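The following account leads the reader through a protein model, beginning with an interface and ending with the backbone.

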Amino acid sequence: MNNLSRRSFVSFTLASTSLLAMPAISTGSARPKVVVVGGGAGGATAARYIAKDSKGAIDVTLIEASKHYYTCFYSNLYLGGFRDYDSIGHSYDNLSANHGVNVVHDWAISVDSSARKVRLGSGATVSYDRLVLSPGIDIKYDSIDGYSVEAQTKMPHAWKSGTQVKVLRDQVLNMPKGGTFAMVPPPNPYRCPPGPYERISMVAHILKEKNPTAKIVVIDPKNKFSKQGLFMAGWEKYYPGMVEWIDNDTHGGIKNVNPETMEIETDLDTFKADVACVVPAQRAGAIAMNAGVTDGDWSPIVPASMQTKADGNIYVLGDASVASAMPKSGFSANSQAKVAANHIRGELTDSRVFPAKFSNTCWSLVATDDGIKVGANYRAGEEKIEVVDKFVSKTDEGNAKRKKTYEESIGWYNGITTDMFS
Amino acid sequence: MVKIVFKFFIVISCFLIFRGLVAEPLLDGADFDYGEYLSGQCLTCHQNSSDEGIPAINGADAVYIAKKLILYKNKELENEVMQLVASALDKEQIASLAIYFNSLEK
């Protein structure tokens, strides 16, 4: 069949199907309902693709507390002064205007999976045929002795973008001359594996210009990290002598933090900081816990569809899921959302379901015009999402290539935010 | 009558050749719906909103897209992300993506 006739055939078939299906979808209430909780890279993408591709055949509601979403990705570039704050903020207006998504700015409080209802902060309930949970992470405040919700203004984690990153940037800019910036990265698994190390690079970039005698000490609960060779070579090249990274075996473990004295105690030593970014351990957003689709801190999923193993009517995307080989990143969540959207449409409107295909690339900025990246393709194995092929930037690839990689990351930022919000 | 049929045949053939849809083996087996699904992977980066750093490809010639993807697949064009994406695509998937992106508005 040549392409023209195939397309005509497909259009004709779709038209016929729509006519046959008319009685079922002609009234709003009869349309199948999808509720998406969380308007980040997973949720906004899922809502947009389900609404866009079903062309109105599915009633899509997106529940997201914030009216303006500030992306976590690129929040480090705001911290380093490469982006202004407004440039990482996005509204949901186009999802309603262009695709008919019903955007509800509220918190999802609980899920009644047997009645298929989500209860909102306002007290209202929303019923669903399929539920997509993409709540991102919750911070485990009690995972570090001495840390708490109150401590986060003194020792910001700044791991969910927004105002916390503003607080941290102000603290770095106002740090005493020759002071110490301490970073406590989170233990695995956590959102954005290269994120803490890109953050160190961005803080070093500010300090090099404004406070060159300042020091950065990284007290890591891990012994290795993502893109380690690339970051460490970059720190040596651009910020020589400024960054000291101490692995877990060397400091022997983080015993506690004290936001009042700004001290971080380890087996080895007590570190006193002028500014401290402390990122505790993480778990799936509370609504995934509440829906009963988690096992431990995260939600196990069926790789071919992103349905939870616990409940076939509930899908979990992004950071909250156990996506095995895929890192917890915005790119991963966006990729998983498209697999889930295709599967949900197939279930609710009998549209064609294609094999799951996943991908991820994480770009990081080390210094001005020096971008690095790591990426992989993935397939849905029986039990787990598995790596097919991967790449990582090379330490000796030259300045022109690094500049190009940074520019590519700008293209990606524009691309993914359009893919989520347009 | 034969003349009319012949003229009609010529017109249709020209149209199909012009559209690049007949004599182009690179596009054999293309499936529009499959292309739409697969495009999700591309749209994370390739959007019309920006040409900065990553080219906008909507509305590009289908054969051009297919040829580019094959060059990336064979590692004859540089870019790790594109080499990775293309390496996981078979001939039918490349053809499907090519006709799908060609159909999008520039």
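**The interface and the backbone**

Between chain B and chain A, the count of salt bridges is 5. One of these joins the side chains of B:Asp33 and A:Arg352, with an N to O distance of 3.5 Å. The pair qualifies because a side-chain nitrogen of Lys or Arg must lie within 4 Å of a carboxyl oxygen of Asp or Glu. The model is a predicted one. Polar contacts between chain B and chain A link 14 residue pairs, both residues of each pair being at pLDDT 80 or more.

On the side of chain B that touches chain A, at least two residues come from each of the helices α1 (2-18), α2 (32-43), α4 (80-87) and α5 (91-103). The greatest share of that side belongs to α2(B), which supplies 9 residues. By residue class, the side of chain B that touches chain A comprises 18 nonpolar, 11 polar and 7 charged residues.

Taken over both partners, the contact involves 41 residues from chain A and 36 residues from chain B. The area buried between the two chains amounts to about 3300 Å². Carbon and sulfur atoms contribute 54% of that buried area.

Attention now turns to the backbone of chain A, and to the loop between β11 (180-184) and α6 (195-210), where A:Pro189 is found. The peptide bond that leads from A:Asn188 into A:Pro189 is cis, and its omega is near -10°. A:Cys192 also lies in the loop between β11 and α6 of chain A. The phi of A:Cys192 is near 60°, a positive value in a residue other than glycine. Is the side of the chain at A:Cys192 best described as buried, partly exposed or exposed? With a relative accessibility of 29%, A:Cys192 counts as partly exposed, because buried means under 20% and exposed means over 50%.

A further positive phi occurs in chain A at A:Asp369, where the angle is about 60° although the residue is not a glycine. A:Asp369 is situated in the loop that connects β22 (358-367) with β23 (370-380) of chain A. The relative accessible area of A:Asp369 is 30%, so this residue is partly exposed.

Definitions and conventions
Residues numbered from 1 in each chain as written. Chains lettered and ligands numbered in written order. Predicted model: local features only at pLDDT ≥ 70, side-chain atom pairs only at ≥ 80, totals over all residues. Heavy atoms only, no water. Helix = DSSP H or I, 4+ residues; strand = E, 2+ residues; numbered from the N terminus. Buried < 20%, exposed > 50% of the residue type's maximum accessible area, 1.4 Å probe, protein only. Contact = heavy atoms within 4.5 Å. Buried area = accessible area lost by both parts, 1.4 Å probe. Polar contact = N/O pair within 3.5 Å; in protein donor to acceptor, adjacent residues only side chain to side chain. Nonpolar A, V, L, I, M, F, W, Y, C, P; charged D, E, K, R; others polar.
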